[in-house]
Structures are given as C-alpha cells and as structure tokens.
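This report describes how a ligand sits in a protein chain, and then turns to the domains annotated along that chain.

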Amino acid sequence: MKILFYDTKSYDREFFEKLLPSYPGIEIKFIEANIHEETAALAHGYDAICAFVNADLGAPVIEELHRQGVKLILMRCAGYNNVDLKTTAKCGIQVARVPGYSPEAVAEHAMALALTANRHTHKAYIKCRENNFALNGLMGVNFYQKTAGIIGTGKIGQAMAKICRGFGMKVIAYDLFPNKNLDFLEYVSLDELLSTSDLISLHCPMTPETEHLINSETIAKMKDGVILVNTSRGGLIKTDDLIAGIRDHKFFAVGLDVYEEESAYVYEDMSSSILPTSTIQRLLSFPNVTMTSHQGFFTVEALTNIAETTLENAKAFMDGAEMKNLVH
Ligand code: NAI
C-alpha cells in the first residue's frame with residue numbers, strides 16, 4: 001500500500017518512521033508540499049494520501065485525488081471540518097482519522113493558555129531576562145473557587161473539566177449530548193454558561209451549527225472580565241466580534257491556539273514575510289491576548305498515538321478489515 005504524506009514536518013517523519021517497520025506492506029513517500037489544487041495530482045499511483053488540519057480537502061482537490069486513483073484519505077488529526085465529505089462519498093473515497101490521540105495534550109495546552117493569558121508568564125519571562133523585575137502589567141486573577149464553563153464535553157472537554165476541578169474551580173458545561181458519567185460538573189444551558197463562567201473553554205467541533213458560536217450576541221451575554229480560551233477550531237469564534245469585545249474591555253484575557261485565517265500560515269515560519277491579512281496582528285496588539293500556533297496536540301505521547309492510529313487505519317484498509325475510525 002502506497003501512501004503520499006503531504007505537508008511533512010521533521011517531527012511527523014520521525015514519529016512515523018519509528019513505527020513503519022512494524023507495518024510491512026505499507027510504503028510512505030513524505031513530501032513537504034501541502035495538498036491543494038496544484039499538488040493533488042502528485043498523488044498519481046498512490047492508494048492513499050495522509051493530510052493534517054490545514055489541508056485543502058475541498059471538492060476540487062478530492063475530485064482530482066479520485067481521478068488519480070486515490071481510495072483513502074488518512075487524516076492524521078481528530079478534526080475533519082476541512083474535508084468535503086459529500087464529495088468523498090460521491091467519489092467512493094474513504095476518510096479515516098485519529099479520534100482521540102491524547103485529549104490530555106490538548107486540554108493541558110488549553111489550561112496553559114488560560115494561565116499564560118491570565119498571569120502573563122510569557123511577558124514576565126522576557127522582563128526578567130532583561131533585568132526588569134517590576135510587576136506592572138502582570139496582575140492576574142485566581143482560578144480557585146471561580147467557575148469554569150466547558151463548551152463540548154467530549155474527550156478533550158472532559159480532560160479540561162477535570163483539570164479545572166483540580167484547580168478548585170466549580171465546573172459547568174454545555175453539550176448537545178450531556179455525559180452522565182461526569183458527576184462532578186453541572187450541565188447548564190449555553191446562555192447560563194455564558195453568563196456565569198469566569199473561564200470559558202471551547203471544545204466542541206466546528207460544524208455549521210457551531211460556526212461563529214462566539215459572536216457579538218454571545219459575547220454580550222458573558223460576564224465582564226471573562227477569560228476565553230479556544231483550542232478547538234478558529235471558526236468557532238467570529239474574530240471581528242471578538243476584537244470588538246476586547247476593545248469594549250469585556251475580556252480579562254483571551255488565549256487562542258486556533259483562529260480564523262490560520263490555514264495559510266499555520267506551521268510555517270512567516271517571520272520574514274509581509275502577511276496579506278492582519279487579523280492575527282490586530283489580535284496580538286492587545287495586551288491581554290495570547291496566541292499559539294495550533295500546537296495543542298504537540299506532545300511526544302500525542303505524536304506517537306497519531307502515527308500508530310494512522311498506520312493502523314492504513315493497515316485495516318490494506319487488509320480489508322473493519323475500519324474503526326472512518327468519518328462519514
Ligand atoms: P469529541 O468528538 O470527543 O467531543 C466533541 C463534543 O462536542 C461532543 O461531546 C459533542 O456532543 C459536543 N458538541 C457537538 N456539537 C455541539 C454543539 N453544537 N454544542 C455543544 N457541544 C457540541 O471531540 P474532541 O476529541 O474532544 O475534540 C474537540 C475538538 O478539539 C475537535 O473537533 C478539534 O476541532 C479540536 N482539536 C484541537 C487540537 C489542537 O491541537 N488545538 C487537537 C485535537 C482536536
């Protein structure tokens with residue numbers, strides 16, 4: 001089975017090559033180019049392609065993959081909002097993903113962002129390095145005894161809820177499908193969560209229903225001085241409305257691992273480039289916004305699990321066995 005691996009970074013190669021000897025019959029060609037309309041034809045002669053969160057897997061790309069004979073798309077991530085599933089179904093291409101490679105990796109990053117945005121540790125470090133030991137601008141708030149509102153209590157949301165409980169927070173949640181096993185938290189309506197949470201963390205997937213879930217109306221319902229964290233998908237937040245809310249002093253702090261506009265830049269060193277858009281820069285111009293570049297997944301454990309599950313998905317396809325991680 002031949003797999004074309006798009007958008008290879010050194011760490012992808014390292015983790016996949018480590019496990020590959022345990023999967024005889026699977027051959028991977030690693031290329032640096034990401035998949036888009038111009039590069040889809042490179043998949044000629046491959047049974048499968050492997051792609052990540054920032055891949056363009058819209059209808060034209062999938063139709064090209066189909067013309068090239070590709071039968072399987074291996075997403076080496078949990079989210080698949082960038083895959084046009086109508087077109088894959090029409091073309092008879094299967095799509096597999098890695099549903100839960102390390103929920104704790106993402107949840108721990110969500111808490112790291114919340115803490116950094118709140119306590120300004122990123123700025124404190126730079127200040128100390130420059131012998132500036134003044135505390136101006138570094139004041140935060142306690143999380144202890146505050147209310148954490150978790151939107152989406154799937155694998156990552158649950159892990160985040162447990163971390164918040166460990167901080168001594170009251171944990172409330174909103175989900176379309178409440179999980180009865182989470183007896184330490186209380187499910188409430190979205191409106192109640194918005195109006196009573198001191199920390200709001202987004203963990204629902206990006207769907208047509210959740211797109212721009214955080215907008216001027218929902219922001220208006222939040223408590224003044226709320227801390228908002230998004231490690232799920234950028235499109236959950238309407239960025240212009242968030243910027244307006246920040247200007248209105250609504251937020252104590254905002255931590256973003258994902259944001260609209262990220263696809264063009266994410267995982268690339270753009271430090272010498274003049275970027276064609278400026279939303280990210282506008283966000284970063286605020287002293288209470290902290291951003292990272294979609295790195296919630298980036299731990300040794302998560303990368304090991306991603307490589308293992310992706311290769312298991314490929315093996316099941318190759319062997320004609322049941323595919324556990326298909327998306328429809
Ligand atoms: P999951 O599928 O286990 O949980 C998602 C939860 O959201 C489910 O409980 C579901 O019922 C709920 N949900 C769905 N629609 C909803 C709605 N309209 N309102 C409220 N809740 C809703 O997913 P998991 O593994 O917890 O991942 C969550 C998201 O995190 C993924 O969709 C992905 O976008 C993102 N992610 C981000 C990463 C990063 O590196 N920053 C890495 C991995 C995932």
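## Ligand contacts and domains

A polar backbone atom of T231 lies 2.9 Å from a nitrogen atom of the ligand. The model is a predicted one. Two side chains also make polar contacts: K155 places a polar side-chain atom 2.9 Å from a ligand oxygen atom, and an N or O atom in the side chain of R233 is 3.2 Å from an oxygen atom of the ligand. The protein buries 87% of the 870 Å² that the ligand exposes when taken alone.

The three contacts are set out below.

| Residue | Protein atom | Ligand atom | Distance |
|---|---|---|---|
| T231 | polar backbone atom | nitrogen | 2.9 Å |
| K155 | polar side-chain atom | oxygen | 2.9 Å |
| R233 | side-chain N or O atom | oxygen | 3.2 Å |

There are 23 residues around the ligand, and those that come nearest are Y101, K155, I156, D175 and T231. By residue type, the shell around the ligand consists of 10 nonpolar, 9 polar and 4 charged residues. The ligand takes up the space of the largest pocket.

Two domain annotations come from UniProt. An unreviewed entry lists residues 3–327 as "domain: D-isomer specific 2-hydroxyacid dehydrogenase catalytic". Over residues 3–327, helix makes up 34% of the chain and strand 15%, with the end C-alpha atoms 19 Å apart. For residues 111–296, the unreviewed UniProt entry gives "domain: D-isomer specific 2-hydroxyacid dehydrogenase NAD-binding". The span 111–296 is 31% helix and 16% strand, and its end C-alpha atoms are 10 Å apart.

Terms used:
Residues are numbered from 1 along each chain as its sequence is written. This is a predicted model: local features need pLDDT of at least 70, side-chain atom pairs count only at pLDDT 80 or more; totals for chains, interfaces and linings use all residues. Side-chain values use heavy atoms; hydrogens and water are left out. A residue is near a molecule or strand if one of its heavy atoms lies within 4 Å of it. A polar contact is a pair of N or O atoms within 3.5 Å; within protein, one must be able to donate a hydrogen and the other to accept it, and residues adjacent in sequence count only if both atoms are side-chain atoms. Accessible areas come from the Shrake-Rupley method with a 1.4 Å probe; for residues, only the protein chains shown count as cover. On a 1 Å grid over the protein atoms alone, a cavity is a set of points where a 1.4 Å probe fits but cannot get out, and a pocket is an open set with protein on both sides within 12 Å along at least five of seven lines; lining residues have an atom within 4 Å of a point. A molecule sits in a cavity or pocket if more than half of its atoms lie within 2 Å of its grid points. Ala, Val, Leu, Ile, Met, Phe, Trp, Tyr, Cys and Pro count as nonpolar, Asp, Glu, Lys and Arg as charged, and the others, Gly among them, as polar. UniProt positions are given in the numbering used here, feature names are shortened, and annotations may be inferred rather than shown by experiment. Helices (H or I, at least four residues) and strands (E, at least two) are DSSP runs, numbered from the N terminus.
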